[in-house]
Amino acid sequence: MAYDVLDVRPMTRRIGAEIFGVDLGKPLSNRQFEEIHRALTQHQVIFFRDQQMDHDAHKDLGRKFGNLAIHSGVPGLPEHPEIVAIHADANSKFVAGENWHSDLTCDPEPPLGSILYMKVLPDDGGDTCFASMYAAYETLSDRMKAYLEGLSAVHDANPVYKAIFPDLDRKYNCSTHPIVRTHPVSGRKSLFVNPSYTTHVAGVSKAESNAILSYLYQHASNPDFQVRFRWKKNSVAFWDNRCTWHQAIWDYFPDTRTGYRVTVAGDRPF
Ligand code: SIN
């Protein structure tokens, strides 16, 4: 179906589109909302340039797509707990999202998606890569699809956040989800495991789990399934967390990169 009020330009055949002709700092019309929602469903991650949003407008944009989620692993801004700062500079020992992941798959209801608004960027570097987990699933062999059907995997945030915050004595989320997930809007199946949060396949030996996950990660990391976004100041990325991975590329140390992320709440994978 054609887009009437948006200019939607696909970036690859499988994933990613740039969208022009909308001011995200103003309330969206019903038609704009419907077309952005459709573009997100179709392209899985969508990008906007030259946007002006304060924190309230950023949250209002997220709320058009669902309730806002409070990040279960890291604290939000003091005045805006629904907004997480994504920041790296010369003092950073790590950056958020350095490894391939979907956000917070440790949660019982992982996020629907996230909206990242970038304000400070290095002169070069600091891209984000996104990968289609529809493509990853659809290109598996029929035998592998049959093997995975009905299997679940455990997603545990404790190893992730305890490594980052060793001094904090708290317990993070751990949940079990189907390895093959059906998207609640598109009805398409996607691969729903990721190298950051998934610790093991439930109900099989450790050796079998390691072998399966290692194969799936190698398969899903195929550049054919990816799009890479070159940020500029005031760019926005909105990804559908239910069917994508993403990875922040930290190739700009010791320079500074700062953005703000709003997370839209999701539902239990099935
Ligand atoms: C994230 O994983 O949300 C961070 C992505 C980025 O900084 O590009």
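This report walks through the annotated domain, some salt bridges and a charged surface patch of a predicted model.

Local features need pLDDT of at least 70 and side-chain atom pairs pLDDT 80 or more, while totals for chains, interfaces and linings use all residues. Residues are numbered from 1 along each chain, and side-chain values use heavy atoms, without hydrogens and water.

Let's start with the overall layout. An unreviewed UniProt entry places "domain: TauD/TfdA-like" at residues 7–263. Over residues 7–263 the chain is 23% helix and 28% strand (DSSP runs of at least four and at least two residues), with the end C-alpha atoms 25 Å apart.

Now to the charges. With a salt bridge taken as a side-chain nitrogen of Lys or Arg within 4 Å of a carboxyl oxygen of Asp or Glu, the count comes to 17. Here are three of them:

| Pair | N to O distance |
|---|---|
| D7 and R9 | 2.7 Å |
| E34 and R31 | 3.9 Å |
| D127 and R230 | 2.9 Å |

D127 and R230 lie in two loops, so their bridge ties together parts 103 residues apart in sequence. D127 is buried at 3% relative accessible area (buried means under 20%, exposed over 50%, partly exposed in between, with a 1.4 Å probe and protein chains only). E34 and R31 sit about one helical turn apart in helix 1 (residues 30–43), and they belong to a network with D4, E35 and R38.

Finally, D123, D124, D251 and D255 gather in a negative surface patch (residues with over 30% relative accessible area and no salt bridge, like charges joined within 9 Å). D255, in the loop between strand 14 and strand 15, is partly exposed at 36%.

Terms used:
Patches are made of residues with over 30% relative accessible area and no salt bridge: like charges are joined within 9 Å, nonpolar side chains (Val, Leu, Ile, Met, Phe, Trp, Tyr) within 5 Å. Accessible areas come from the Shrake-Rupley method with a 1.4 Å probe; for residues, only the protein chains shown count as cover. Lys and Arg count as positive and Asp and Glu as negative; His and the chain ends are not counted. The place of a charge is taken as NZ of Lys, CZ of Arg, CG of Asp or CD of Glu. UniProt positions are given in the numbering used here, feature names are shortened, and annotations may be inferred rather than shown by experiment.
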